[in-house]
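Biologist: I would like a close look at a single part of this model. Please walk me through one sheet and whatever packs on it, step by step.

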Amino acid sequence: MVVCPACREAQDAPPAGVELDVSCSSCGERLPRTPEATLRGLSVQVRDGLSREGRAQTVLVLPPSREVAVFQLVVGAAWTLGLLCLAYAAAGSAVGAFALFPLLLAALGLGFGGPLVVRGARGLVNAPRVVVTRDTLVVTEGPLLPRGAPERMLLSDVVGTAVERDALVRFVPCIVLRDGRTVAIPRTFERKANAVWVCERVDALVAEARTTSPYRGALPAAREEKE
C-alpha cells in the first residue's frame, strides 16, 4: 500500500518497477511509483519461537541505523566533556557572583549533551522488532530504553503496509490499520527500496499468520499454495 502525499489516504500502491502513473482515488494526486524491493545493505533476521505466554510467534528484527547513532554519541560526548572540563577549570578561580558560572556550564553540558549520549547509545544497541502471532502484531524496540511503549494491534485490524517520509526526508515503513491510522516501525531508511522490502516482508508474515490454525498448523489451502 501507499499513502497519498496530499490527502494521506492509504490505498493500493502502483506496481513495483512499472513506468505507470497512478492517481489517488480520493483527491486525484499522482501517487509516487514504487521501486523494486531490495534487501541490499540490510542484515535482517527472522526468528520463530514462543512468546512468554507460550504462543507461537515470528519476530522480524531490523538492523539499527548506526550512522546517526555514532554521530549523536560523538557530538554528545564531546559537548558534555568539553563543558565539564571548562566548569572544573572555572571552579578554581570563580569568586562571589561568578561562583555559579561553573555550575551553569556543568548544567549546560549535562542538559544538552547527556540526552544525545543516551540517544546515541540507544541507537547503537536497540533494534526494531515486528512480532507476529496468530492474532496480534506488535511493533517494539529494545532492549535499551525504547523510545515508546510497544504498539500492539489485532491482526484483524491490519489492512496492509505503506512507506512514508519522515522530517529528514528518509523513508519509514508503516503498518496501515483498518481505521486509517498508520503505525510507524521505528527504523528509517535512506533508500526507499529497503523500506519497501520491509513492508513486503511484514505483509508476507501477516498473510502466513492468517492462514495458520492453532490446532492443525497450516490450513489445506495454504499447503496447496506452497506445493
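Modeller: Start with a short warm-up on how two strands pair. This is a predicted model. Strand β5 (residues 127–132) and strand β6 (residues 136–142) run antiparallel, and 6 bridges join them. V132 faces L137 of β6 across that pairing. Both strands belong to an open sheet of 5 strands, in the order β3-β4-β5-β6-β7 with antiparallel pairing. Its edge strands are β3 (45–50) and β7 (151–154), and each of these pairs on one side only. Neighbouring strands in this sheet are turned by 20° against each other on average, direction ignored. Strands of a sheet pair through backbone hydrogen bonds, either parallel or antiparallel.

Now the part for the close look. Another open sheet has 3 strands, in the order β8-β9-β10, and its pairing is antiparallel. β8 (158–165) and β10 (182–184) are at the edges. Each has a single partner strand, so one side of each has no neighbour in the sheet. From one strand to the next, the twist averages 30°.

Take the first pairing. β8 and strand β9 (residues 171–177) are joined in the antiparallel sense by 7 bridges. Find G160, and V176 of β9 stands opposite. Then find E164, which stands opposite V172 in β9. The hairpin of β8 and β9 has 5 residues between the strands. There, V169 takes a positive phi near 60°.

Next comes the other side of β9. β9 and β10 also pair in the antiparallel sense, over 3 bridges. C174 has A184 of β10 as its bridge partner. These two strands form a hairpin too, with 4 residues between them. G180 sits in that turn and has a positive phi of about 95°.

Stay with β9 for a moment. This strand is mostly covered, with 7 of its 7 residues buried. Its residues point in two directions. F171, P173, I175 and L177 point one way, while V172, C174 and V176 point the other way. Both sets are buried.

What lies across this sheet? Helix α3 lies across β8 and β9, and runs at about 170° to β8. The helix covers residues 192–210, which is 19 residues. From first C-alpha to last, α3 reaches 27 Å, close to the 27 Å expected at 1.5 Å a residue. Many of its residues can be checked for burial. Among the buried ones are K192, W197, C199, V202, L205 and A209.

One residue of α3 deserves a closer stop: N194. Is N194 buried or exposed? N194 counts as buried because its relative accessible area is 5%, and buried means under 20%. Its side chain reaches the backbone oxygen of T38 at 3.0 Å. The same side chain also reaches the backbone oxygen of R40, at 3.2 Å. Leaving aside residues up to four places away in sequence, N194 touches T38, L39, R40, L42 and F189.

Finally, step back to the whole chain. The chain has 4 helices and 12 strands. Of its 227 residues, 36% are buried. The chain exposes about 13500 Å², and carbon and sulfur atoms supply 58% of that area. Among contacts between residues at least 6 apart in sequence, 43% join residues at least 24 apart.

Notes
Residues are numbered from 1 along each chain as its sequence is written. This is a predicted model: local features need pLDDT of at least 70, side-chain atom pairs count only at pLDDT 80 or more; totals for chains, interfaces and linings use all residues. Side-chain values use heavy atoms; hydrogens and water are left out. The expected span of a helix is 1.5 Å times one less than its number of residues. Buried means under 20% relative accessible area, exposed over 50%, partly exposed in between (1.4 Å probe, protein chains only). Contact means heavy atoms within 4.5 Å. Accessible areas come from the Shrake-Rupley method with a 1.4 Å probe; for residues, only the protein chains shown count as cover. Two strands pair if DSSP finds at least two bridges between them. Axes are lines fitted to C-alpha atoms, for helices over the stretch in contact, and angles run from 0 to 180 degrees between N-to-C directions. A polar contact is a pair of N or O atoms within 3.5 Å; within protein, one must be able to donate a hydrogen and the other to accept it, and residues adjacent in sequence count only if both atoms are side-chain atoms.
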